[in-house]
Structures are given as C-alpha cells and as structure tokens.
Amino acid sequence: MAGSGGRANAAGSAGAGPRIGGAGPGAALRAPCALLLLAVLVLCAYCLGAVQGRCLSTARAPVPAPAAPRAARRPGVPSLRVARGHGRQRFPQALILGVKKGGTRALLEFLRLHPDARALGSEPHFFDRCYERGLAWYRSLMPRTVEGQITMEKAPSYFVTCEAPHCIHGMSPDTKLIVVVHNLVTWAISNYAQALSRMPGLPSFRALAFRHGLGPVDTAWSAMHIGLYAQHLAHWLCYFPLSHFLFVRGECLVSNPAGKVGRVQDFLGLKRVITDKHFYFNATKGFPCLKKAQGARQPHCLGKSKGQPHPRVPEAVVQRLHDFYRPFNCKFYQMTGHDFGWD
Ligand code: A3P
C-alpha cells in the first residue's frame with residue numbers, strides 16, 4: 001500500500017515528530033515551547049496562504065500567444081498543431097476542479113498537447129479567491145481559441161470551495177467538470193510531504209492526522225477534510241448533473257497516462273490525438289513524462305514539487321486512515337456509480 005512503503009524516504013517517521021500539549025513531568029516547561037512552535041506554524045501557514053491566495057495579476061494576463069515554432073517531426077511522435085494567437089477569448093468550457101495533489105498538473109500538461117484544447121498554464125484561482133474581480137476579468141485571462149477548440153483551466157481547490165458550484169453554474173451550466181481523485185491515504189501523505197518540504201519543522205503526520213495519539217481523525221486538518229469526496233460532491237450535485245463530471249483516478253494517470261487521457265479526450269468531445277506515443281517513463285523521475293511538451297522539442301517531466309518522496313508512515317496509522325475513509329469512499333462509489341478500488 002502506497003502510504004507505508006511506496007516512494008518513502010527517511011524524512012521522518014510519524015511517531016518521531018514533536019507533540020503539542022503533552023502531560024506529565026516537564027510539561028510545564030514544554031508548554032511555552034509548544035506555544036511558540038504553534039505560533040510559528042500559524043504564522044508560516046498564514047504567510048503560505050497569503051502567498052498562494054493572491055489572484056493572478058492582470059499585468060500577467062496572457063497576451064495572445066505568439067506563433068509557435070513548427071514542431072520538428074520525430075519518428076514515432078505525431079506532429080501536433082499548436083493553436084496560434086488568433087480567435088477569441090472565451091470562458092472555459094471545461095474545468096479541472098482539483099483535487100490538490102491528485103495529479104491535476106500532470107493531466108493539464110498532457111491535455112495541452114491537444115491542438116484543440118487551449119488551457120491557461122497558471123492557476124487564476126478565480127472561483128475560490130478572486131471572484132470579486134468579475135467574469136470579464138476572468139475571461140481576459142483566457143487564451144484565444146478558434147472555432148472547434150475548447151478553453152480549459154485548472155485549480156486545485158475548486159472542488160472543495162463552497163461557492164464554486166454556484167458561481168461556475170452562473171458562468172455556464174454546460175461546463176464540463178473534471179475531478180482527479182486519489183486513494184485518500186496516499187493522497188493525505190502526499191499533502192503532508194508537500195507541506196513538510198515547505199515547513200521542515202512540521203509535527204509528524206500522525207500528530208496532525210489524529211487527535212490524542214491515535215484518537216479520532218482530525219477532520220479540521222485540510223489533508224483529511226478535502227478527502228471527504230462524497231460531502232463535496234453532494235454540494236456540486238445540487239447544481240450540476242452527474243453526467244457533467246468525469247472522475248479521473250490519479251493513480252491511473254501514472255500507470256496508464258495515455259489510457260486515461262484517452263478517456264478525458266472522449267469526455268471533452270475531442271479527437272483522440274494524444275496517445276501512448278507521446279509518453280515515456282522516466283526512470284530517474286519515477287513517473288511518465290512527455291516526449292515533447294506543448295510548443296517545445298525536448299522531453300518534459302513535471303517539476304520537482306510533483307512526484308516528491310513521501311515520508312514513511314507506520315502501518316498502524318495507514319490502517320486507521322483506511323478504516324476512517326472506508327464509509328466515505330463507499331458513499332462516493334455509490335454517488336458516482338464507480339468503484340475506485342481504494343479499499
Ligand atoms: P506527489 O508529489 O505526492 O507524488 P497536483 O499536480 O494535483 O498537485 O498533483 C501532484 C501529484 O501528481 C504528485 O504527487 C504525483 O503523485 C502526481 N503525478 C501524476 N502524474 C505525474 C507525473 N507524470 N509526474 C509527476 N507527478 C505526477
């Protein structure tokens with residue numbers, strides 16, 4: 001199971017992290033340190049939130065893309081036409097709603113190879129952070145498309161943003177919605193790994209995931225809360241029918257990227273242009289990479305923050321989390337009519 005072994009490194013075991021608020025001898029001495037640590041963590045979290053929380057500046061709004069260099073034909077790699085800088089800016093007809101650390105960047109980068117899919121490279125965070133800027137602003141960020149092309153964008157947290165379904169429905173009730181979902185235990189560890197890489201002093205995974213040792217799961221921690229897919233989906237279904245959704249298993253994006261992207265192309269009504277000829281497995285990265293990125297001639301793997309090593313988490317912790325998520329997963333399988341096989 002991915003959580004306990006997988007791409008584990010020695011970056012800390014769940015039991016080894018500092019505990020806050022411990023009782024017993026010395027607790028009085030440890031309390032001020034713990035409070036200080038807590039204050040520093042809160043400050044770090046605030047700063048991170050503030051940095052991530054910025055809207056995409058209009059100054060950085062993409063201008064019409066310059067004509068892309070003609071792609072050199074290489075044996076085995078079909079030449080893909082790249083959209084030129086003409087056409088109109090339109091609202092996205094399809095959105096990748098999340099979830100964070102599910103594989104959303106990989107999916108978007110793969111889809112961008114398609115000549116009929118134009119996607120915003122950066123994340124505007126319009127429906128979760130910048131809605132007050134207005135729909136005209138949002139549209140002004142979009143790449144230009146010509147007849148027959150679709151516009152897309154992705155954000156890691158639209159799926160868990162309460163206002164997003166209502167606002168997206170207001171933009172267009174026809175919007176196609178893609179959600180990259182993942183085995184929640186692996187996924188929670190992946191989130192923790194990312195946070196740990198930014199804040200090396202973070203308490204252990206176990207300390208964050210559970211209250212009172214291995215007590216109740218702390219659903220206030222975002223890595224736990226986001227995983228309650230059924231709850232989030234229930235909210236979306238008040239606005240969009242299930243047929244508007246495509247749930248992509250993040251694990252399959254790694255094991256069979258061409259197969260998964262094939263399904264996504266079908267869902268988007270695009271010709272199946274992206275195939276296994278576009279991918280290769282990069283043994284150093286440990287993930288599939290593109291033989292050639294959009295508009296480039298070189299092979300392209302995702303950046304360092306994608307495919308990070310995961311810290312080792314004790315089997316007991318992994319098991320407890322599986323038990324916790326099982327009923328939520330069942331509910332999610334019922335709602336979507338699809339067994340994702342995470343149990
Ligand atoms: P890890 O870094 O924990 O391995 P997102 O882009 O939504 O933030 O998702 C990041 C996750 O995408 C990574 O989590 C990794 O598992 C997954 N992923 C899927 N395909 C990938 C690829 N081709 N290269 C790198 N990461 C990929």
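**The ligand and the disulfide**

Colleague: Let's start at G102: how far is an oxygen atom of the ligand from a polar backbone atom there?

Modeller: Keep in mind that this is a predicted model. The contact at G102 is made by a polar atom of the backbone, paired with an oxygen atom of the ligand. N or O atoms count as a polar contact within 3.5 Å. The pair at G102 sits at 3.2 Å.

Colleague: And which residue has a polar side-chain atom 2.7 Å from an oxygen atom of the ligand?

Modeller: Two side chains are worth a look here. K306 brings a polar side-chain atom to 2.9 Å from a ligand oxygen, so by the 3.5 Å cut-off that pair counts as a polar contact. The 2.7 Å pair belongs to H310.

Colleague: What share of the ligand does the protein bury?

Modeller: Picture the ligand on its own to begin with: it exposes 570 Å². Put the protein back around the ligand, and the part of that area that gets buried is 97%.

Colleague: Which element gives the most residues to the shell around the ligand?

Modeller: The shell has 19 residues, with T104, S190, P288, G307 and H310 the closest. Two elements give two or more residues each: β10, at 287–290, and α2, at 104–111. With four residues, the top contributor is α2.

Colleague: How many residues of that shell are charged?

Modeller: The shell is a mix. Seven of its residues are nonpolar and eight are polar. The charged ones number four.

Colleague: Moving on to the cysteines, which two does the disulfide join?

Modeller: The structure holds one disulfide. Its sulfur atoms are 2.0 Å apart, and since 2.5 Å is the cut-off, the pair qualifies as a disulfide. The link is right-handed, with 105° about the S-S bond. Its two ends are C289 and C301.

Colleague: How far apart in sequence are the parts that this pair ties together?

Modeller: C289 is part of strand β10. C301 is in the loop that runs between β10 and β11 (310–311). The pair therefore ties together parts whose separation in sequence is twelve residues.

Colleague: Is C301 buried or partly exposed?

Modeller: Buried means under 20% relative accessible area. C289, at 0%, is therefore buried. C301 has 22%, so it misses that cut-off and is partly exposed.

Colleague: What about C252, buried or exposed?

Modeller: C167 has a relative accessible area of 7%, so that cysteine is buried. C252 comes out at 18%. The cut-off is 20%, so C252 is buried.

Methods. Residues are numbered from 1 along each chain as its sequence is written. This is a predicted model: local features need pLDDT of at least 70, side-chain atom pairs count only at pLDDT 80 or more; totals for chains, interfaces and linings use all residues. Side-chain values use heavy atoms; hydrogens and water are left out. A residue is near a molecule or strand if one of its heavy atoms lies within 4 Å of it. A polar contact is a pair of N or O atoms within 3.5 Å; within protein, one must be able to donate a hydrogen and the other to accept it, and residues adjacent in sequence count only if both atoms are side-chain atoms. Accessible areas come from the Shrake-Rupley method with a 1.4 Å probe; for residues, only the protein chains shown count as cover. Ala, Val, Leu, Ile, Met, Phe, Trp, Tyr, Cys and Pro count as nonpolar, Asp, Glu, Lys and Arg as charged, and the others, Gly among them, as polar. Buried means under 20% relative accessible area, exposed over 50%, partly exposed in between (1.4 Å probe, protein chains only).
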